[in-house]
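Please walk through the fold below with an eye to how its sheet, its helices and its pockets relate to one another.

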Amino acid sequence: MKLSSQDREKIDISDDRIFYQHPRYVNHLSVSFRERLTKLYSKYIFENNVILDLMSSWVSHLPENIRYKQVIGHGMNEKELVANKRLDRFWIQDLNKRQIMPMEDSTVDIVLIVAGWQYLQYPEKVSIELSRILKKDCLLIISFTNRAFWTKSPNIWTNSSEEKRIDYVKCVLSSNGWSVEKIVNEKTYENRLFGFFESESDPFFSIIARNNKSNN
C-alpha cells in the first residue's frame, strides 16, 4: 500500500514532543474496552514471552496475575512510562521522525500497539522495522477504537470510516510481508444503573498479524 503526502498530513503539524510533553494519567479507553483487551492478551501472551509495548503510556493493559519474562516499553512521555509498573525498561522516540528502533534483530516474542497506530505517518516503515525486531512466526497485535486526538492523526485515519480503518491497517501489514491471521470487530457494553441496564461503549477493533520475515 502506498500512502500519498496528503494521506500522511495532519491538522496539527507542530512538533509532537510539545503535544506529549505533559503526562496524562487518564484512561483514554472505556472500562469495557480495557477488559476486552486484557482478555485478548490472556489468550495470546505467555509468561516466557518478551513483550514490546509500542506507543505505550502509564498502563499496558496486561493481565495483572501474570509476570512476563520482560516487558519493554516505548512512548513519548517519560513520566508516563516511569509510572507504568509493568515495564522493565523503556525508551523515548518519535516514530514519525525516525522509524529505526534501538533493538536487536529477532529479540521480541510479541508486539502490542494500543490506540497508537492512528498517529503513525509512516506505518509501512514501522511495520518493516517491527518485523526485524520480532521473532519469525511471532505476533503483532494492533488494537484501537473510534477515539483519537484527531488533530494529531493523519488524514488517512481521520477521513476513514471504522471499517476502512481496519482495511487500512490490514493492507499496510499485508503489503509489507505480514500475515494477518485474525480481525476482531466487536461492540462492547457497560453496565448502567447498578447493573440493571447496559449501554453501548467503545467498539473494540484488533488486528492480529504474524511475522513471516526471517532475520537469520
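What follows moves from the sheet to the elements around it, and then to the pockets and a few single residues.

The coordinates come from a predicted model, and every value quoted here was computed from them. A natural starting point is the open sheet of seven strands, whose pairing is mixed and whose order reads β3-β2-β1-β4-β5-β9-β6. The two edge strands, each of which pairs on one side only, are β3 (89-92) and β6 (178-186). From one strand to the next, the twist averages 15°. As background to the pairings described next, strands of a sheet pair through backbone hydrogen bonds, either parallel or antiparallel.

At the end of the order that holds β3, the strands β2 and β3 run parallel and are joined by four bridges, and within this pairing His74 stands opposite Trp91 in β3. On its other side β2 is joined to β1, again by four bridges and again in parallel, with Leu52 having Ile72 in β2 as its bridge partner. Five of the six residues of β2 are buried, so this strand is largely enclosed by the rest of the structure.

At the end of the order that holds β6, the pairing is antiparallel: eight bridges join β6 to strand β9 (residues 204-211), and Ser179 has Arg210 in β9 as its bridge partner. Helix α7 (residues 162-175) lies across β5 (134-144), β6 and β9, and the helix runs at about 165° to β6.

Val180, a residue of strand β6, gives a local view of this region. Once its neighbours within four places in sequence are set aside, Val180 is in contact with Lys170, Leu173, Ser174, Ile207, Ile208 and Ala209. Of these partners, Lys170, Leu173 and Ser174 fall within the residue range of α7, whereas Ile207, Ile208 and Ala209 fall within that of β9. Val180 nevertheless counts as partly exposed, because its relative accessibility is 22% and the limit for a buried residue is under 20%. The C-alpha atoms of Val180 and Leu140 are separated by 9.3 Å, although the two residues are 40 places apart along the chain.

How enclosed is helix α5 (residues 123-133) by the rest of the structure? Nine of its eleven residues are buried, so α5 is largely enclosed. The buried residues of this helix are Pro123, Glu124, Val126, Ser127, Glu129, Leu130, Ser131, Arg132 and Ile133, a list that includes Glu124, Glu129 and Arg132, which count as charged.

Turning to the open spaces, the largest pocket has a volume of about 670 Å³. Its lining comprises 36 residues, and those that lie nearest the centre are Met55, Ser56, Val114, Ala115 and Tyr119. Strands β1 (50-54) and β2 (70-75) each supply at least two residues of this lining, which by class consists of 15 nonpolar, 13 polar and eight charged residues. Met55, one of the residues nearest the centre, lies in the loop between β1 and β2 and has a phi near 60°, a positive value in a residue other than glycine.

The second largest pocket holds about 330 Å³ of space. It is lined by 16 residues, with Val59, Ser60, His61, Leu62 and Glu64 lying nearest its centre, and helix α3 (residues 31-44) gives the most to the lining, with four residues. The lining divides into six nonpolar, five polar and five charged residues.

Is His61, one of the residues nearest the centre of the second largest pocket, buried or exposed? His61 is buried, because its relative accessible area is 16% and buried means under 20%. His61 is placed in the loop between β1 and β2, and its phi is near 65°, again a positive value in a residue other than glycine.

A last residue to consider is Gln21, which lies in the loop between α2 (16-19) and α3. At 49% relative accessibility, Gln21 counts as partly exposed, since the exposed class begins over 50%. The C-alpha atoms of Gln21 and Val184, 163 residues apart along the chain, are separated by 33 Å.

Note on methods:
Residues numbered from 1 in each chain as written. Predicted model: local features only at pLDDT ≥ 70, side-chain atom pairs only at ≥ 80, totals over all residues. Heavy atoms only, no water. 1 Å grid on protein atoms, 1.4 Å probe; cavity = no way out; pocket = protein on both sides within 12 Å on 5 of 7 lines; lining within 4 Å. Points joined across faces, edges and corners; volume = space filled by probe spheres on them. Pairing = 2+ DSSP bridges. Axes fitted to C-alpha atoms, helices over the stretch in contact; angles between N-to-C directions. Contact = heavy atoms within 4.5 Å. Buried < 20%, exposed > 50% of the residue type's maximum accessible area, 1.4 Å probe, protein only.
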